[in-house]
Amino acid sequence: MYTSCQPCGMCDAVIQQAGLGRVVFALSNEQLLDIRPGSGRPAVPQDGPALLDEVREVVAPYYG
Ligand SMILES: [Zn+2]
């Protein structure tokens with residue numbers, strides 16, 4: 001698969017599930033951040049990982 005930008009974590013999971021053998025991307029995530037215009041809004045703070053044990057119980061069976 002050829003893409004303009006490096007697949008994010010969600011896209012990467014779907015690419016694996018689809019059984020694709022290779023991805024070629026033009027821009028890395030870091031390169032995209034360098035050229036992407038800002039939104040003018042402040043960045044949203046992200047905190048985590050949090051509640052690892054609790055979420056593992058819910059998520060692990062999906063991949064199990
Ligand atoms: Zn994505």
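Three helices and two strands make up the secondary structure of this chain, and the model you are looking at is a predicted one. Here are some exercises to work through with the structure open.

**Exercise 1. Work out the order of the elements and how far to trust them.**

Solution. Begin at the N terminus and read along the sequence: the pattern is β-α-β-α-α. Next, turn to the confidence values. The chain has a mean pLDDT of 92, and 100% of its residues reach 70 or more. Then compare the elements: β2 has the highest mean pLDDT, 97, while helix α2 (residues 29-35) has the lowest, 88. The comparison is useful because predicted coordinates should not be read in detail where pLDDT is low.

**Exercise 2. Find how the two strands pair, and describe the unit they build with α1.**

Solution. Locate strand β1 at residues 2-5 and strand β2 at residues 24-27; they pair in the parallel sense, over three bridges. For a landmark within the pairing, pick C5, which stands opposite L27 in β2. Now add the helix: β1, helix α1 (residues 9-18) and β2 together form a β-α-β unit, and this unit is right-handed. Is α1 well covered or hardly covered? Hardly covered: among the 10 residues of α1, the count of buried residues is one. Finally, step past the end of the helix to G19, which follows α1 and has a positive phi, near 80°.

**Exercise 3. Identify the protein donors of the zinc ion and judge how exposed they are.**

Solution. Look around the zinc ion for its protein donors: they are the SG atoms of C8 and C11, lying 2.1 Å from the ion. Then check the accessibility of each residue, remembering that partly exposed lies between the buried limit of 20% and the exposed limit of 50%. C8 has a relative accessibility of 36%, so it counts as partly exposed. C11, at 42%, is partly exposed too.

**Exercise 4. Decide whether the chain is a compact globule or something more spread out.**

Solution. Take the radius of gyration as a starting point. For a compact globule of 64 residues it would be near 11 Å, but this chain has 16 Å. Next, consider the extent of the C-alpha trace, which spans about 40 × 35 × 15 Å along its principal axes. As a last step, ask what share of the 64 residues counts as buried. The share is 5%.

**Exercise 5. Walk along the loop between α2 and α3 and pick out its notable residues.**

Solution. Start at S39, found in the loop between α2 and α3 (52-63). S39 has 49% relative accessibility, so it counts as partly exposed. From S39 to V55 there are 16 residues along the chain, and their C-alpha atoms are separated by 32 Å.

Continue to P42, in this loop between α2 and α3. P42 is exposed because its relative accessible area is 70%. Measured against V23, P42 is 19 residues away in sequence and 32 Å away in space, C-alpha to C-alpha.

Now look at the backbone. Most residues other than glycine have a negative phi, and most peptide bonds are trans. With that in mind, examine P49, whose place is also in the loop between α2 and α3. The peptide bond from G48 to P49 is cis, with omega near 0°. Then inspect L51, another residue of the loop between α2 and α3. L51 is not a glycine, yet its phi is positive, about 55°. On the surface side, L51 has a relative accessible area of 60%, so it is exposed.

**Exercise 6. Find the aromatic pair and name its geometry.**

Solution. The count of aromatic pairs comes to one. The partners are Y62 and Y63, with 4.8 Å from centre to centre and 90° between the planes, an edge-to-face arrangement. Planes over 60 degrees apart count as edge-to-face, which is why the pair gets that name. Are the two tyrosines buried or exposed? Y62 is exposed, at 59% relative accessibility, and Y63 is exposed as well, with a relative accessible area of 60%.

Notes: Residues numbered from 1 in each chain as written. Predicted model: local features only at pLDDT ≥ 70, side-chain atom pairs only at ≥ 80, totals over all residues. Heavy atoms only, no water. Donors = N, O, S within 2.8 Å, 3.2 Å for Na, K, Ca; no water. Buried < 20%, exposed > 50% of the residue type's maximum accessible area, 1.4 Å probe, protein only. Phe/Tyr/Trp six-rings, centres within 6.5 Å; stacked < 30°, edge-to-face > 60°. Pairing = 2+ DSSP bridges. Helix = DSSP H or I, 4+ residues; strand = E, 2+ residues; numbered from the N terminus. Right-handed = clockwise from strand over helix to strand, strands pointing away. pLDDT = per-residue confidence, 0-100. Rg over C-alpha atoms; globule rule 2.2 N^0.38 Å.
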